[in-house]
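Me: I would like to go through a protein chain step by step. Please keep the answers short.

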Amino acid sequence: MGTCGCIGREQDSELINENFTLKNLNKYLSDGSISDANGGRVRVPFIDLEIEFQKCLGALPIDNPVVKTKWSSLDPFTYPMREELSLLNIVKDDRSITGESYYGFMNVLDNYRDYKGIILYNSGAILEGTFARGSAHGKCRMIASNGSCFDGIFLNGKMTGKGIMTYENGDTYEGDWKNNEKHGKGVDKKVDGTSYEGDFQNGLRSGRGRLTLPDGSVYEGEFVNGIMQGVGRLRTPDGNTKEGIWVGDTYRGPIQTPAKQNEPIKLLSKNQTESDN
């Protein structure tokens, strides 16, 4: 594991060997120095961490051509500002066992990913964004190995909050996410003309929503686990309307209203009963 730079301390002092590791950095104290091999204190020169981070970005080994093309076509990622950088360092944190490499800021006292950085996965995917206590947390952008791109909020390493997903085939979803699934309110659009705006649960249409089909038909009503189920109305381009109960995407008929509370119940006569039998 090697470093891309040094600790961000402004000190006019002698230079040190830049090949120190995180093990050395864990000995870092707030006086701007680290322990050398003999246990003595060595002053750390000032390094502009932002410049070092940009150097890391410029040298990212992105091997997947689909991801590399997508990465190059996007605008530079906008990071939030952070004034206090005294406990951070720029590193390449190579964790091949977990199938990923990290380039970015590390907390040198507790040895976790912090502030901002980039993860390169063995699958070819890439994640860039803000980190807290080792996990992607806050505004992030992720490009999957097939070119799908998510831009939004992460919470403890998972897509949770507002976000936009653009899939490799051009389909899009914009709205709420929870634990990497569409969950809450959102708008889902397909390249074939299908669109849905409404409620989602665990990645599926569930609740109330409006579904527009490729032929122009529009269904407004209830959904359960991705299908039209419950009370709803379907209007077709030719003007026909089906309103009532839906089960498994199939129209089952209008809503049956019960008799009014004070309305007398009509009884069949004996002759009517016998003729029916």
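The questions below go from the whole chain to its cores, pockets and single residues.

Me: How many helices and strands are there in the chain?
Reply: This model is predicted. The chain has 277 residues. Its regular elements are four helices and 17 strands.

Me: What percentage of the residues of the chain count as buried?
Reply: Buried means under 20% relative accessible area. The accessible surface of the chain comes to about 16300 Å², and 49% of that belongs to carbon and sulfur atoms. Of the 277 residues, the share that counts as buried is 39%.

Me: Which residues have the most contacts inside the largest nonpolar core?
Reply: In soluble globular proteins, nonpolar side chains tend to be buried together. Here the largest nonpolar core has 22 residues. Those with the most contacts inside this core are L127, F154 and Y219.

Me: Which residues does L127 touch, not counting those up to four places away in sequence?
Reply: L127 is one of the residues with the most contacts inside the largest core. Leaving out residues up to four places away in sequence, L127 touches G117, I118, I119, Y121, A136, C140, R141, M142 and F154.
Apart from this core lies another. Among its residues are L49, C56, L85 and C149, and its total is 21 residues. So much for the cores; the list asked for L127 is G117, I118, I119, Y121, A136, C140, R141, M142 and F154.

Me: Which element gives the most residues to the lining of the largest pocket?
Reply: The largest pocket holds about 180 Å³ of space. It is lined by 14 residues, and the closest to its centre are P61, D63, L120, Y121 and N122. Two elements give two or more residues to this lining: β4 (100–107) and β5 (112–121). The one that gives the most, with three residues, is β4.

Me: How many charged residues are in the lining of the largest pocket?
Reply: Sort the lining by class. Six residues are nonpolar and five are polar. The number of charged residues is three.

Me: Which element gives the most to the lining of the second largest pocket?
Reply: The second largest pocket has a volume of about 160 Å³. Of its 13 lining residues, L57, W71, P76, F77 and E128 are the closest to the centre. The elements with two or more residues in this lining are α2 (49–58) and α3 (65–73). With three residues, the one that gives the most is α2.

Me: How many charged residues line the second largest pocket?
Reply: By class, this lining has six nonpolar and two polar residues. The charged residues number five.

Me: How far apart in space are D94 and I119, C-alpha to C-alpha?
Reply: D94 is found in strand β3 (residues 88–95). D94 is partly exposed, with a relative accessible area of 38%. In sequence, D94 and I119 are 25 residues apart. In space, their C-alpha atoms are apart by 9.7 Å.

Me: Is N111 buried, partly exposed or exposed?
Reply: N111 is found in the loop between β4 and β5. Its phi is positive, about 60°, although N111 is not a glycine. Most residues other than glycine have a negative phi. The relative accessible area of N111 is 31%, and between 20% and 50% the class is partly exposed.

Me: Why does R133 count as exposed?
Reply: R133 lies in the loop between β6 (126–132) and β7 (135–143). R133 also has a positive phi, about 50°, without being a glycine. Exposed means over 50% relative accessible area. R133 counts as exposed because its relative accessible area is 61%.

Note on methods:
Residues numbered from 1 in each chain as written. Predicted model: local features only at pLDDT ≥ 70, side-chain atom pairs only at ≥ 80, totals over all residues. Heavy atoms only, no water. 1 Å grid on protein atoms, 1.4 Å probe; cavity = no way out; pocket = protein on both sides within 12 Å on 5 of 7 lines; lining within 4 Å. Points joined across faces, edges and corners; volume = space filled by probe spheres on them. Nonpolar A, V, L, I, M, F, W, Y, C, P; charged D, E, K, R; others polar. Core = buried A, V, L, I, M, F, W, Y, C linked by side-chain atoms within 4.5 Å. Buried < 20%, exposed > 50% of the residue type's maximum accessible area, 1.4 Å probe, protein only. Contact = heavy atoms within 4.5 Å. Areas by Shrake-Rupley, 256 points an atom, 1.4 Å probe, with all protein chains shown as cover.
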